[in-house]
Amino acid sequence: MPLGRTAGSLLGAMLMVLFRVMTPDQAYDAIDLPILGLLFGTMVVSIFLERADMFKYLGSALAWRSRGSKDLLFRVCLVSAVASALFTNDTCCVVLTEFILKLARQNNLPPQPFLLALASSSNIGSAATPIGNPQNLVIAVQSGITFGQFLVGVFPAMIVGVITNTCILLCYFWKYLSVAEKDQEGGAAAAGPEVVADDEVTSHRFTPARMSHASSVNGVDADCVSEPIRRSDSLNRADTHSMRSRSYNSEGDGVVGPRKITRTTSHQRSVIIEDAPEADAKDGEKGKDAGEVKEKRWKVLLWKTSVYLTTLGMLVALLMGLNMSWSAITAALVLLALDFTDAQACLEKVSYSLLIFFCGMFITVAGFNKTGIPNALWELVEPHSRIDSAKGTALLAVVILVLSNVASNVPTVLLLGSRVAASAAAISPASEKKAWLILAWVSTVAGNLTLLGSAANLIVCEQARRAQFFGYNLTFWSHLRFGVPSTIIVTAIGLLIVASY
């Protein structure tokens, strides 16, 4: 049924209560509030980092002095992996897909290897930290593993995995990339109208992803856009907004004169631009405007610095072993307070559908566990999947890999997490932590197996397909041909590193 994962999880939760598998109180108790708090806090922090032009700087790192197609492919893999570890893989793919597609079109390169590099490297990179993806959040909260322990245990595997994935991409697309480089060196004309001009890339606007489609107050899109407003741009748009500006004041209680036009962005709060005749009447007014613009620039710089310092403080708190949920929520509230604007525009971009999905999934999995079916199935597999042997570790990885692609990675972690940890704890206390890290690594990299294995894959596919004038359709089979060998190899290599932790 075409319900989507959020409605599907709510349907499962409702059925558990309707058929009296659980009471309503038990259903509410099954919801893990620390995980929801950590997820909410990290999403708000990511939104503010996007507004502070973090992705604009990452885009500049991708485009700056690129030395051909292979160099660009390596940069895409590295940047997307690092960004996903800090911003979550979904956010990284939402913001970077269109820009990377433009880069490929600009250089007359085939988009497929770069889109696959973004999706696969984002998934691999997100495995390195508890805030990289939702299933890692679940693992970090349920296991009690600190941010630093998680990073030390998985980060080496992530680095090796990204390098291995990049090598596989280069081997797989070497011929196509080499032909494209020869065409560039030979000065061959770009074929077709889809090639993107240089100014289209340099002027690309890294806007924060819309996680919620609710409109702002009074129907006005108060988007959190990190783009400084220019006086000339505002005056050019004066005609478009003149009727609204002249008809109502900010409180909507009467008619006002045509003296002021106000636009608000994340960089300039309530920047007031006077009418051109009035603004240009006196030279003193021009100097005053220039001084105001300079003052606004300093405010923007100060605001960006505060965003980065707050985020750094959150990471330090996480590395110190403080409560992850409250550290993330505190950082989010500090950023909202420092913004000095109505928080609605930014809070609208929080993925509330994901939070609701988690609530429904907590109830559904808890009810499913009460049936005894998961325990019965696990008792059949558990004796052969202990992590004290190479054969058992490999079998456990296969089970996680298959379930992550059949039932999705978050339900897989919720179903297997406590069982895998209990089985490992029977071996030794140190093995329990290792089992959680193996679950985090395999369930995350498993998303690269098929196009449907990860939300990040679907985001890249959909964003690329919808890109205007230069779109590209990444098909299921084109992803599968690369995804199967890459997932198997990267999972196996990373598993050796994580298992030796």
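Hi everyone, here is a short tour of one chain, from its overall make-up to its core and one helix pair. This is a predicted model, where local features need pLDDT of at least 70, side-chain atom pairs count only at pLDDT 80 or more, and totals for chains, interfaces and linings use all residues. Residues are numbered from 1 along each chain as its sequence is written, and side-chain values use heavy atoms, with hydrogens and water left out.

The chain has 23 helices and two strands; these are DSSP runs, H or I of at least four residues for helices and E of at least two for strands, numbered from the N terminus. Of its 501 residues, 49% are buried, meaning under 20% relative accessible area with a 1.4 Å probe, protein chains only.

Now the core. The largest nonpolar core, a set of buried Ala, Val, Leu, Ile, Met, Phe, Trp, Tyr and Cys residues joined through side-chain atoms within 4.5 Å, has 123 residues. Phe114, Phe358 and Trp441 have the most contacts inside it. Helix H9, residues 147-185, gives the most to this core, with eleven residues.

What is Trp441 in contact with, leaving aside neighbours within four places in sequence? Taking contact as heavy atoms within 4.5 Å, the partners of Trp441 include Ile124, Val154, Met158, Val490 and Leu495.

Last, a helix pair. The axes of H19 (residues 390-406) and H20 (residues 409-425) are 8 Å apart, at an angle of about 150 degrees. Axes are lines fitted to C-alpha atoms over the stretch in contact, with angles from 0 to 180 degrees between N-to-C directions. H19 and H20 are therefore roughly antiparallel, a label for angles over 145 degrees. Among the residues meeting there are Leu396 and Leu403 in H19 and Leu416 and Val420 in H20. Thanks, everyone!

Note on methods. Buried < 20%, exposed > 50% of the residue type's maximum accessible area, 1.4 Å probe, protein only. Parallel < 35°, antiparallel > 145°, perpendicular 65-115°, else oblique.
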